[in-house]
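Got your viewer open? Let's take a walk through this chain, picking one thing to select at a time.

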Amino acid sequence: MTSLRSYAWRISFCYAVIAIASLAALILLLRDSPPVQSAEDLEVRKEQEALLAASLAAPHLADPTRPPDLEALHDLGQTLSRWLGSEVTIIALNGEGVANSNRQHFLDGANDSLYDFSSDNDLRRARLGNVATARRLTFHADYSEFLYTAAPVTSGGDIVGVLRLRTPILEPGSGIGAASVWFTIWGLTAGILALAAIWLVVRRSRHSYGSLNAVAEASERLAQGDLDSRIPADSPGESRQLTEAFNRMADTVKSVIDGLSSERDTLSAVLDTMADGVVVTDPAGRVTLLNPAARELLGIRAQGVENQRLVELVRDNELHLVIAACQEEKSRQNAEVSLISPLRYLSAIATPLDTNGAVLLTLHDLTRMRQVETSQKEFVSNVSHELRNPMASIKAMVETLESGAVGDQRVAMDFLARMRGDVDRINALVNDLLELSRMESGQFTIEAEPLSLAPLVHAVSKQFSEVADSRQVSIVADLDESLPLVMADGEKLAQVFVNLVENSLKFTPANGNISIGARAEDGHVQVELRDTGIGVAPQHLPHLFERFYKVDRSRRDSGTGLGLAIVKQLVEAHGGRINVESREGEGCAFTFTVPRAE
């Protein structure tokens with residue numbers, strides 16, 4: 001059934017219909033045409049033909065002031081003669097014959113034919129405006145009978161000439177007419193040509209249909225995603241051009257799609273890995289793109305947020321005002337916004353993507369920068385406070401000694417002792433700053449050697465025993481003597497314990513305790529220092545080891561915020577890692593590792 005609907009069969013069917021219709025019309029024509037037309041019918045038809053021919057000749061005789069164009073009239077006469085099967089003569093009103101379909105001398109200017117309207121009955125009647133018919137016999141070589149039909153040639157209601165047809169009258173049995181012969185030849189020729197055309201079309205269309213079918217199948221595979229679909233270019237002629245054009249198109253489509261896929265993958269990877277948040281909204285404020293960084297910065301945990309309005313996902317008026325301003329002014333808008341939940345400081349840049357209101361929102365996290373700025377300000381304030389107090393104390397004592405107290409030995413010695421303590425505090429602060437600076441600049445080396453942790457920890461505990469007793473805090477060092485040796489710089493590792501114990505003593509109330517323990521693990525020894533102090537709120541834990549950072553921002557905390565930052569630098573310099581766990585009101589637990597000695 002499919003083959004009958006193919007291109008080849010449709011074309012062949014059309015040609016077959018034309019051929020059959022032509023032959024059927026010829027058969028009907030020959031069947032309905034009588035062998036010899038009756039005299040009455042012939043007279044009527046010739047009168048009608050004469051009137052029609054006269055109307056065609058009228059334009060050539062319309063202007064009596066101009067001689068007629070003999071060549072045009074002669075051509076017209078010959079054409080009419082071929083159409084009508086009669087000799088055609090065109091006569092002017094003065095009786096002069098101006099054209100005859102069988103006489104060339106009319107064109108040569110040698111025409112001596114004059115027609116007498118008064119003696120010729122049919123011409124006279126035509127001159128008077130009627131159509132006349134007459135029969136005449138000739139007895140030259142053969143007996144012949146002719147039918148003469150004359151019709152007036154009129155122009156604008158006036159008679160300007162006469163046209164006469166001379167038609168032979170065939171006898172019964174004389175054969176079919178010229179028209180029938182002509183139609184028969186035409187019909188047979190048309191049938192033969194139609195059959196030949198059908199055969200050629202069927203032959204050629206097989207190749208074309210095969211090529212079209214191959215293109216259709218390859219196009220379907222291409223539409224389904226098979227970008228490697230191609231057609232073998234083995235067809236001749238136009239089919240080969242079609243397959244080559246399709247293959248070039250498929251190569252172009254594959255190249256474009258591969259390029260777009262590569263750009264899409266690259267853009268997706270960039271968006272997924274970049275630290276800045278990217279949000280794209282449509283004119284209605286619905287989210288069309290949201291990268292992971294934007295989810296994190298805006299605190300969006302829900303999945304499938306595309307096509308949801310951003311105002312429903314993020315309830316921050318400052319952010320939505322930036323987008324609204326961008327849509328209204330059709331220009332780039334910058335603003336710094338602060339989110340409450342989660343607590344973050346963001347730099348928001350809204351850029352219009354088109355004139356319809358789509359917006360690209362870029363978010364940069366300024367939280368850490370703001371925290372660093374705050375920490376730096378607090379550090380400067382704390383250092384200034386730490387320096388100003390001892391300096392003011394030293395200045396006051398110096399002025400007292402200068403005013404005469406230097407003569408009192410007891411007072412002078414007391415002042416000198418206090419001055420020494422203040423100088424030691426200043427010196428310790430300066431040393432911490434210099435040491436942290438050396439660590440961060442890379443001008444710091446660790447001279448590691450195998451050593452035992454237990455003696456080191458006991459020495460640190462003893463160093464703080466007096467201070468701990470004064471604060472009613474106990475320090476318990478529970479280290480097994482069988483612990484493996486560690487590779488460490490004894491002085492630097494002791495500083496780690498000193499800073500941690502000193503930090504715990506600051507925030508552990510009376511009747512509290514500080515415990516130090518250690519256990520061996522694969523490749524390292526893990527040390528844990530736990531206290532029962534006031535603990536640290538969860539929001540402070542990620543920042544404890546940052547320089548300048550202080551949990552207690554009141555003046556009762558006399559530290560500079562450098563102790564734990566130095567601890568982290570020293571532990572990492574040994575190749576270890578440090579971590580802290582805490583609950584508010586339950587104390588802190590600092591855990592760090594030190595490599596084992598081989």
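**Stop 1: the whole chain**

Before you click on anything, keep in mind that this is a predicted model. Colour the chain by secondary structure, and you'll have 15 helices and 17 strands to look at. The chain has 598 residues, and 37% of them are buried. Switch on a surface next: the chain exposes about 34,900 Å², with carbon and sulfur atoms supplying 54% of that area. Now for how the chain folds back on itself. Take the contacts between residues at least 6 apart in sequence: 56% of these join residues at least 24 apart.

**Stop 2: α2 and α3**

Select residues 39–61, which is helix α2, and add residues 70–84, which is helix α3. Two packed helices are described by the angle between their axes and the distance between the axes. For α2 and α3, the angle is about 160° and the axes are 11 Å apart. Which way do α2 and α3 run relative to each other? An angle over 145° counts as roughly antiparallel, so that is what α2 and α3 are. The crossing of α2 past α3 is right-handed.

Show the side chains where the pair touches. From α2 you'll want Lys-46, Glu-49, Ala-53, Leu-56, Ala-57, His-60 and Leu-61, and they meet Ala-72, Leu-73, Leu-76, Leu-80 and Leu-84 of α3. Sorted by type, the residues of this contact come out as 9 nonpolar, 1 polar and 2 charged.

**Stop 3: Ala-58**

Stay on α2 and select Ala-58, which is part of that helix. Is Ala-58 buried or exposed? Its relative accessibility is 7%, and the cut-off for buried is under 20%, so Ala-58 counts as buried. Leaving out residues up to four places away in sequence, Ala-58 touches Val-153 and Thr-154. Try a distance label too: from the C-alpha of Ala-58 to that of Pro-152 is 9.3 Å, although the two residues are 94 apart along the chain.

**Stop 4: Asp-122**

Jump to helix α4, residues 121–127, and pick out Asp-122. With a relative accessibility of 2%, Asp-122 is counted as buried. What does Asp-122 contact, once its neighbours within four places in sequence are set aside? Show Ala-132, Ala-134, Arg-136, Tyr-148, Ala-150 and Arg-164, and you have the answer.

**Stop 5: Lys-330**

Select the loop between α9 (317–329) and β8 (333–339), where Lys-330 sits. Lys-330 has a positive phi, near 55°, and it isn't a glycine. Its relative accessible area is 44%, so Lys-330 is partly exposed.

**Stop 6: α14 and its two partners**

Now select residues 490–507, helix α14, along with residues 453–463, helix α12. The axes of these two helices come within 10 Å and cross at roughly 45°, so α12 and α14 are oblique to each other. This crossing is right-handed. On the α12 side, show Leu-453, Leu-456, Val-457, Val-460 and Gln-463; they meet Gly-490, Leu-493, Ala-494, Phe-497, Val-498 and Val-501 in α14. This contact is made up of 9 nonpolar residues, 2 polar ones and no charged ones.

Keep α14 and bring in helix α15, residues 563–573. Here the axes come within 9 Å and cross at roughly 150°, so α14 and α15 are roughly antiparallel. α14 passes α15 in a left-handed crossing. Lys-492, Gln-495, Val-496, Asn-499, Leu-500 and Asn-503 of α14 meet Gly-563, Leu-564, Ile-566, Val-567, Leu-570 and Val-571 of α15. Count up the types and you get 7 nonpolar, 4 polar and 1 charged.

While α15 is selected, look for its buried residues: Leu-564, Ala-565, Ile-566, Val-567, Leu-570 and Val-571. Following α15 there is Gly-575, with a positive phi near 90°.

**Last stop: Asn-511**

Finish in the loop between α14 and β14 (513–521), where you'll find Asn-511. Is Asn-511 buried or exposed? Its relative accessibility is 69%, so Asn-511 counts as exposed. Its phi is positive, about 65°, although Asn-511 is not a glycine.

How values were computed:
Residues numbered from 1 in each chain as written. Predicted model: local features only at pLDDT ≥ 70, side-chain atom pairs only at ≥ 80, totals over all residues. Heavy atoms only, no water. Axes fitted to C-alpha atoms, helices over the stretch in contact; angles between N-to-C directions. Helix = DSSP H or I, 4+ residues; strand = E, 2+ residues; numbered from the N terminus. Parallel < 35°, antiparallel > 145°, perpendicular 65-115°, else oblique. Left-handed = near helix turned anticlockwise from the far one by under 90°. Contact = heavy atoms within 4.5 Å. Nonpolar A, V, L, I, M, F, W, Y, C, P; charged D, E, K, R; others polar. Buried < 20%, exposed > 50% of the residue type's maximum accessible area, 1.4 Å probe, protein only. Areas by Shrake-Rupley, 256 points an atom, 1.4 Å probe, with all protein chains shown as cover.
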